[in-house]
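Visitor: I would like to learn how to read a fold from its model. Could you take me through it, feature by feature?

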Amino acid sequence: MNARRHATFVRLILIGSAVLALSGCGRLFGTSLAGTWSGTFTSSTGGSGILLLDLDVAGESVSGTWESSFTGAIINGSVTGLVDELVVLQLTPAALPDCPYNVVATHERTKLSGTYSSACVLTGSGNFSLEKK
């Protein structure tokens, strides 16, 4: 009976450790990627604009919405992606043309920064820097 209690205790410790480890997914350096991020982006052509991301994280999967303002136009859409050592996202506009932006970013505490690219829009590529709100 004592061996059975010990085995049960060990199982509970292992399950608890797994739950704690998995609850950290989507967190880098103690700050969750989930939430609202806002800041600026700069196009490789020299223009700049405002970018807002509202992200949800489930394990390594990222989803949410985005909105940007560039040259007076407001564009919005959906976000999908993955988080690991880097954050890799695809920002798909809600309106045509359906030209998604591919984003690669680093997440350091309350800062999210990186590069974006798209083959078919005026703001084709550039960089961005966002802060968590």
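Visitor: Leaving aside neighbours within four places in sequence, which residues is Thr 65 in contact with?

Guide: This is a predicted model, so read every value as computed from it. Thr 65 is in contact with Leu 52, Leu 53 and Asp 54, and also with Gly 77, Ser 78 and Val 79. Thr 65 itself is found in strand E5.

Visitor: Is Thr 65 buried, partly exposed or exposed?

Guide: Compare its relative accessible area with the two cut-offs: under 20% is buried, over 50% is exposed. Thr 65 has 44%, so it is partly exposed.

Visitor: What separates Thr 65 from Ala 94 in space and along the chain?

Guide: Their C-alpha atoms are separated by 9.8 Å. Along the chain they are 29 residues apart.

Visitor: Let me step back to the whole chain. Which elements does the protein have, and in what order do they run?

Guide: The protein has one helix and ten strands. The helix comes at the N-terminal end of the order, and the strands follow: α-β-β-β-β-β-β-β-β-β-β.

Visitor: How are the strands of the barrel arranged?

Guide: Read the pairing from strand to strand. Eight strands form a closed barrel, in the order E3-E4-E5-E6-E7-E8-E9-E10, with antiparallel pairing. From one strand to the next, the twist averages 25°.

Visitor: How many bridges join E4 to E5?

Guide: Nine, and the two strands run antiparallel. E4 covers residues 48-58. For one register point, take Asp 56: its bridge partner in E5 is Ser 63.

Visitor: Over how many bridges do E3 and E10 pair?

Guide: Seven, in the antiparallel sense. Ser 43 stands opposite Gly 126 in E10. E10 also pairs with E9, over seven bridges and again antiparallel. There, Ser 117 stands opposite Ser 125 in E10.

Visitor: Now the interior. Which residues have the most contacts inside the largest nonpolar core?

Guide: The general idea is that nonpolar side chains tend to be buried together in soluble globular proteins. Here the largest nonpolar core has 21 residues. Those with the most contacts inside it are Leu 33, Leu 53, Leu 89, Leu 91, Leu 112 and Phe 128.

Visitor: Which elements give two or more residues to this core?

Guide: They are strands E3, E4, E5, E6, E7, E8, E9 and E10. For orientation, E3 covers 35-43, E6 covers 73-83, E7 covers 87-93 and E10 covers 125-132.

Visitor: How many aromatic pairs are there?

Guide: The count comes to four aromatic pairs. Take Trp 66 and Tyr 101. Planes over 60 degrees apart count as edge-to-face. These two rings have their planes at 80° and their centres 5.7 Å apart, so the pair is edge-to-face. Trp 66 lies in strand E5 and Tyr 101 in strand E8, so the pair ties together parts 35 residues apart in sequence.

Visitor: Are these two residues buried or exposed?

Guide: Trp 66 counts as buried, at 4% relative accessibility. Tyr 101 counts as buried too, at 9%.

Visitor: What kind of aromatic pair do Tyr 101 and Tyr 116 form?

Guide: It is edge-to-face, with 6.0 Å centre to centre and 70° between the planes. Tyr 101 lies in E8 and Tyr 116 in E9, so this pair ties together parts 15 residues apart in sequence. Tyr 116 is buried, with a relative accessible area of 7%.

Visitor: Which residues form the aromatic cluster?

Guide: Phe 41, Trp 66, Phe 70, Tyr 101 and Tyr 116 form one cluster.

Visitor: One backbone point. What is the phi of Arg 109?

Guide: Most residues other than glycine have a negative phi. Arg 109 is not a glycine, yet its phi is positive, at about 55°. Arg 109 is found in the loop between E8 and E9. Its relative accessible area is 55%, so it is exposed.

Visitor: What share of the residues in the protein is buried?

Guide: Buried residues make up 32% of the 133 residues. The accessible surface comes to about 8,100 Å², and 60% of that belongs to carbon and sulfur atoms. For contacts with a separation of 6 or more, residues 24 or more positions apart account for 34%.

Notes: Residues numbered from 1 in each chain as written. Heavy atoms only, no water. Helix = DSSP H or I, 4+ residues; strand = E, 2+ residues; numbered from the N terminus. Buried < 20%, exposed > 50% of the residue type's maximum accessible area, 1.4 Å probe, protein only. Contact = heavy atoms within 4.5 Å. Areas by Shrake-Rupley, 256 points an atom, 1.4 Å probe, with all protein chains shown as cover. Phe/Tyr/Trp six-rings, centres within 6.5 Å; stacked < 30°, edge-to-face > 60°. Pairing = 2+ DSSP bridges. Axes fitted to C-alpha atoms, helices over the stretch in contact; angles between N-to-C directions. Core = buried A, V, L, I, M, F, W, Y, C linked by side-chain atoms within 4.5 Å.
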